[in-house]
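The following questions and answers examine how descriptive terms are assigned in a protein model. Each answer sets a value against its definition.

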Amino acid sequence: MSTSRCSRRCSRRAPALALLLLAAAAGDEALRESHAFASLAAAALGDDVGVALGRDAATGLRGLFAARAAAPGDLLLRVPLARCLVETRALPASLRRAPASMTWDVRLALQLHDSSEHDGFWAAYGGLLPRGDDLAQPLVLGPRDLDRLGDAPAAAAAREQRRRLRELFPDLPPDVLPADDGDASFPGTLLVAWANVRSRAFAAGTAAVAYEGEAGTEESDRFAFVPFLDMGNHEASRPTAAFAVVGDAFELRALAPLAAGDGVTYSYAEPRDVRAHFALYGYVPGSACATRSCHVAAYRALARAREL
């Protein structure tokens, strides 16, 4: 290998090594996550990945960090749509007569759930996604925890979501989709997949949907579960990066100068109120919580103070 070629490649790897050492200092689990993310990204996207997975030293929050220095406009990450899980808002031809409750997010949750069991990449990537005991969305809380949340409208909405899913799939076993008659089976693997989709999916432009026997096509909104990009954290006022669909891929580019190890954040559209935000993302805006119990406690405090 020539010196110049080694210089280019090693300059990319040295910051990533530094990030792995930082992850090691944060604990064995953080090191495992960082290494798994780097290995999966290299295998799926190639060596030139400008972000790493890590944890904030002060808060313990997990997120994306710059793997090398970057200038505004530099490409940090490119994820082809072919590597993503994708659904359109309009029902595909195979489900044209399905109930209206078979919405894009339910279908995307089914994709994520089944792919995590039968696809090697998604089985490995699923190990990085939040587990049931990490999530605080009302959708995944057991009946007792839901009652303790202190917000009757949020609890009612979650129970209705679960009822709708059980109506679609009445024969699924309780470890996949539990009934609302006890906490033992909660949250169930399909509810976890649905909560992850609802909190992590991205709008992905539009796509044409064709139906057999009908002339023309229907233009439909499209949504994607985008691996690697979904690990980024939200920053409303001063994000350090921005993403967009460019051709057949999602691209993440720097908005500000970044040094290796700097947090990579982006802005996504937020719901209008705290209740809607917590229902989707499972945390109170502005909180620094890193655990499910902390998220739930922060929300319960707002419910008691009637600040929702």
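A residue is called buried under 20% relative accessible area, exposed over 50%, and partly exposed in between, with a 1.4 Å probe and protein chains only. The model is predicted, so local features need pLDDT of at least 70 and side-chain atom pairs count only at pLDDT 80 or more, while totals for chains, interfaces and linings use all residues. Residues are numbered from 1 along each chain as its sequence is written, and side-chain values use heavy atoms, with hydrogens and water left out.

Q: Why is tyrosine 125 called buried?
A: Its relative accessibility is 0%, and the term applies under 20%; tyrosine 125 therefore counts as buried.

Q: What is the value for tryptophan 122, and is this residue buried or exposed?
A: Tryptophan 122 has a relative accessible area of 2%. The limit is under 20%, so tryptophan 122 is buried.

Q: What makes the pair of tryptophan 122 and tyrosine 125 edge-to-face?
A: Rings of Phe, Tyr and Trp (its six-membered ring) pair if their centres lie within 6.5 Å; planes under 30 degrees apart count as stacked, over 60 as edge-to-face and the rest as tilted. Here the centres are 5.8 Å apart and the planes meet at 80°, which means that both conditions are met. The two residues lie in helix α4, 3 residues apart, about one turn of the helix; a helix is a DSSP run of H or I with at least four residues, a strand a run of E with at least two, and both are numbered from the N terminus.

Q: Why is the pair of phenylalanine 202 and phenylalanine 243 called edge-to-face?
A: The ring centres are 5.0 Å apart and the planes are at 85°, so the pair is edge-to-face. Phenylalanine 202 belongs to strand β5 (residues 202-210) and phenylalanine 243 to strand β8 (residues 241-246), so the pair ties together parts 41 residues apart in sequence.

Q: Which of the terms buried and partly exposed applies to phenylalanine 202, and which to phenylalanine 243?
A: Phenylalanine 202, with a relative accessible area of 7%, is buried. Phenylalanine 243, at 24% relative accessibility, counts as partly exposed, because its value lies between the two limits.

Q: What makes arginine 83 a charge over the ring of phenylalanine 121?
A: The definition asks for NZ of Lys or CZ of Arg within 6 Å of the ring centre and within 35 degrees of the ring normal. Arginine 83 lies over the face of phenylalanine 121, at 3.9 Å from the ring centre.
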